[in-house]
Amino acid sequence: AQAQGMALTMGVWLDRRRDHNAREVAAAVDATHNHRRAVQRIIAGNETQLHGSLPPDELHAVLARLRGATRVPVSTAEPWHVWLARPDLANHVDFITVHLLPYWEGVPVEAAVDDALMRYRQVQDRFPGKLVVIGEIGWPSGGPSVGVAHATPDRQAAFVRAFLARAADLKLDYHLMEAVDQPWK
C-alpha cells in the first residue's frame, strides 16, 4: 500500500486466544513503525463486546498498548447499540468505529439508509468531539430474509446507491461491506 501511495486502516483481529492477540498487536505496532505513510489508523477488535469474545478489561488493555506504542489513532469496532450501551468504551479509543447494518435489524431496504443515518447521528450525539467512522455498512445480495429485509442484488444495488449519494453529501467516513462475498453469512 505504501509503495502505491495508498493509505489504509489496519485491522487487528482479537479473540479469546491471548497468544494470538499478542502477535496481532505486535504485528500492528511493527507495521505502523515500518510503514508510517500507509497506516493511517488502527481498528483493534471487531464486535468483541457484542459477542463477548474478549472481556472489557482485556480489550481496554490492548487499546492502551496500541495507543501508547503507535502514533496513529486507534479504535475498536462495535454496532451502534453497543456504543450507546457501553459509553465507557469511548474513553479507550481515539475515534468511534460504528457498524450500521439495517438488514440484520430487519429494516426494509426503502427505509434502511435513513435508519442507518439516524443511528449514526445517535452515536455522534452521544460522543461529541469524537470522530465517528462507519466501520461496516452495506446490504447483502443473497441470503435469508430478516423480517421484512430481503437480500437480493436489486435491493443491494438500491441500498448502496442511496447510501453513497447521502454519504457524499454528508462527507461521511465509511467502509462499505463488502468487497468479497462471504458465503458463510
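Helices here are DSSP runs of H or I with at least four residues, strands are runs of E with at least two, and both are numbered from the N terminus.

**View 1. The whole chain, a predicted model with six helices and six strands.** Walk along the sequence and the pattern reads β-α-β-α-α-β-α-β-α-β-α-β. The radius of gyration is 17 Å against the 16 Å that the globule rule gives for 185 residues, so the chain is as compact as a globular protein of that length. Along its principal axes the C-alpha trace spans about 45 × 40 × 35 Å. Take the contacts between residues at least 6 apart in sequence, and 66% of them join residues at least 24 apart.

**View 2. The surface of the predicted chain, with an accessible area of about 9700 Å².** Carbon and sulfur atoms own 54% of that surface. Of the 185 residues, 44% are buried. As for charge, there are 20 positive and 21 negative side chains, and the centres of the two sets sit 6 Å apart.

**View 3. Helix α1, residues 18–34, and what its buried residues pack against.** At 1.5 Å a residue, 17 residues should span 24 Å, and the end C-alpha atoms of α1 are indeed 24 Å apart. The buried residues are His20, Asn21, Val25, Ala28, Val29, Ala31 and Thr32. An α-helix has 3.6 residues a turn, so residues three or four places apart point the same way. Keep that in mind when tracing Val25, Ala28 and Thr32, which are among the buried residues of α1. The packing partners of this buried set are β1 (8–12), β2 (39–46) and α3 (56–69).

**View 4. Helix α3 and the elements that cover its buried residues.** Do the same check on length here: 14 residues at 1.5 Å each should span 20 Å, and the end C-alpha atoms of α3 agree at 20 Å. Buried in α3 are Glu58, Leu59, His60, Val62, Leu63, Leu66 and Ala69. Their cover includes α1, β2, α2 and β3 (74–79).

**View 5. Pro56, a partly exposed residue of helix α3.** Its relative accessible area is 33%, which puts Pro56 in the partly exposed class. Skip the neighbours within four places in sequence and Pro56 is in contact with Gln49 and Arg86. For scale, the C-alpha atom of Val74, 18 residues away along the chain, is separated from that of Pro56 by 16 Å.

**View 6. Asn46 in strand β2 and the residues around it.** Asn46 is partly exposed, at 25% relative accessible area. Which residues does Asn46 contact, leaving aside neighbours within four places in sequence? They are Trp13, Ala77, His99 and Glu136. Thr76 is 30 residues from Asn46 in sequence, yet their C-alpha atoms are 6.5 Å apart in space.

**View 7. Two residues with positive phi, Glu47 and Lys171.** Most residues other than glycine have a negative phi. Glu47 goes the other way, with phi near 55°. Lys171 does too, at about 55°, although it is not a glycine. Where does each one sit? Glu47 is in the loop between β2 and α2 (48–51), and Lys171 is in the loop between α6 (153–170) and β6 (174–176). Are they buried or exposed? Buried means under 20% relative accessible area and exposed means over 50%. Glu47, at 12%, therefore counts as buried, whereas Lys171, at 73%, counts as exposed.

**View 8. His175 in strand β6 and its contacts far along the chain.** Not counting residues up to four places away in sequence, His175 touches Thr9, Arg41, Val133, Ile134, Gly135, Glu136 and Ile137. Thr9 is 166 residues from His175 along the chain, with 9.8 Å between the two C-alpha atoms. His175 is partly exposed, with a relative accessible area of 28%.

**View 9. Ser141, in the loop between β5 (132–137) and α6.** Ser141 has a relative accessible area of 25%, so it is partly exposed. Asp15 makes a handy reference point: Ser141 and Asp15 are 126 residues apart in sequence and 28 Å apart in space, C-alpha to C-alpha.

Terms used
Residues are numbered from 1 along each chain as its sequence is written. This is a predicted model: local features need pLDDT of at least 70, side-chain atom pairs count only at pLDDT 80 or more; totals for chains, interfaces and linings use all residues. Side-chain values use heavy atoms; hydrogens and water are left out. The radius of gyration is taken over C-alpha atoms; the globule rule is 2.2 Å times the number of residues to the power 0.38. Buried means under 20% relative accessible area, exposed over 50%, partly exposed in between (1.4 Å probe, protein chains only). Contact means heavy atoms within 4.5 Å. Accessible areas come from the Shrake-Rupley method with a 1.4 Å probe; for residues, only the protein chains shown count as cover. Lys and Arg count as positive and Asp and Glu as negative; His and the chain ends are not counted. The place of a charge is taken as NZ of Lys, CZ of Arg, CG of Asp or CD of Glu. The expected span of a helix is 1.5 Å times one less than its number of residues.
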